[in-house]
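Subject: Structure for you to look at

Hello,

Please find the structure we spoke about just below, with its sequence. Once you have it open, read on for what was found in it.

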Amino acid sequence: MSLLIRKAVGTDAETISNLGKKAFTHAFGYLLSDISLRKYLNKVYGTEKIAESLAKKSNTFWIAELENTTVAFLKMKWNFGLNKKASETEANLQHLYVNPDFTGQRIGETILKRALEETKERKTNKLWLEVFPEGPDSLRFFIKQGFAVHGKYLHPFDDFELEYDVLVKHL
Ligand SMILES: CC(C)(COP(=O)(O)OP(=O)(O)OC[C@H]1O[C@@H](n2cnc3c(N)ncnc32)[C@H](O)[C@@H]1OP(=O)(O)O)[C@@H](O)C(=O)NCCC(=O)NCCS
């Protein structure tokens, strides 16, 4: 079976939305109450939200397909700095999700490598992301891919806050 990686287009919005909801719930759903989880999934991974996001020039999404099944997606937000302000030389890896039925098969590594090729074509010299420290697998994955822990960031939900690790890779 060969893995196909391609840039996503508008018609991929629903597929990305479904995979985002499934993978986020699998990895981090236990951290949130049912109500907070539902709200978060609709806000961040709702089909309309993903469609809007896909249409913006400042973002690029890639998806990975195995035998016509979408098994992963990655979203890059270009020219967006660690301080959450515009920066020509920084990019934010906002989502990298592998279908939980397909993790541990180098799919995450392969789609990340593809996205990194494009950072070279742009002026990006710093790539950063936020990851839940409660997800030790993902932290281990990104450290292996050359990211280093930069600090912590508190993300507010409705009724509580979660602490993320901020990771940075210098390119
Ligand atoms: C983190 C994630 C993107 C990694 O993708 P993946 O395709 O499973 O990882 P790969 O097969 O490319 O790499 C495997 C390596 O990553 C780590 N790893 C991460 N998750 C793993 C898993 N579920 N099973 C096995 N290895 C895993 C291991 O360190 C492994 O390294 P090893 O060769 O030393 O064992 C994927 O597991 C995922 O989507 N997790 C949930 C969502 C998430 O945390 N996203 C990141 C924050 S946005």
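In this predicted model, a good place to begin is the contact between helix 1 and helix 3, where Ala13, Glu14, Ile16 and Ser17 of helix 1 meet Thr47, Ile50, Ala51 and Leu54 of helix 3. Sorted by class, the residues of this contact are five nonpolar, two polar and one charged. Two packed helices are described by the angle between their axes and the distance between the axes. For this pair, the axes come within 8 Å and cross at roughly 120°, with helix 3 covering residues 47-55. The two helices are therefore oblique to each other, and helix 1 passes helix 3 in a right-handed crossing.

Helix 1 also packs against helix 2, which covers residues 34-45, and here the angle is about 145° and the axes are 10 Å apart. The crossing of helix 1 and helix 2 is right-handed. If you would like to find the contact yourself, look at Ser17, Gly20, Lys21, Phe24 and Thr25 in helix 1, which meet Leu37, Leu41 and Tyr45 in helix 2. By class, this contact has four nonpolar, three polar and one charged residues. Ser17 therefore deserves a second look on your screen, as Ser17 is named in the contact with helix 3 and again in the contact with helix 2.Turning to the ligand, which residues come nearest to it? Of the 20 residues around the ligand, these are Thr103, Gly104, Gly108, Glu109 and Ser138. The elements that give two or more residues to this shell are helix 1 (13-28), strand 4 (86-98), helix 4 (107-121) and helix 5 (136-144), and the largest share, five residues, comes from helix 5. Taken by class, the shell around the ligand is made up of eight nonpolar, seven polar and five charged residues.

Finally, to place these parts within the whole, the chain has five helices and seven strands, and from the N terminus on its elements run β-α-α-α-β-β-β-α-β-α-β-β. The radius of gyration of the chain is 15 Å, close to the 16 Å that the globule rule gives for 171 residues, so the chain is as compact as a globular protein of that length. Along its principal axes, the C-alpha trace of the chain spans about 40 × 40 × 30 Å.

Best wishes

Methods
Residues numbered from 1 in each chain as written. Predicted model: local features only at pLDDT ≥ 70, side-chain atom pairs only at ≥ 80, totals over all residues. Near = placed C-beta within 6 Å. Helix = DSSP H or I, 4+ residues; strand = E, 2+ residues; numbered from the N terminus. Nonpolar A, V, L, I, M, F, W, Y, C, P; charged D, E, K, R; others polar. Axes fitted to C-alpha atoms, helices over the stretch in contact; angles between N-to-C directions. Parallel < 35°, antiparallel > 145°, perpendicular 65-115°, else oblique. Left-handed = near helix turned anticlockwise from the far one by under 90°. Contact = placed C-beta atoms within 7 Å. Rg over C-alpha atoms; globule rule 2.2 N^0.38 Å.
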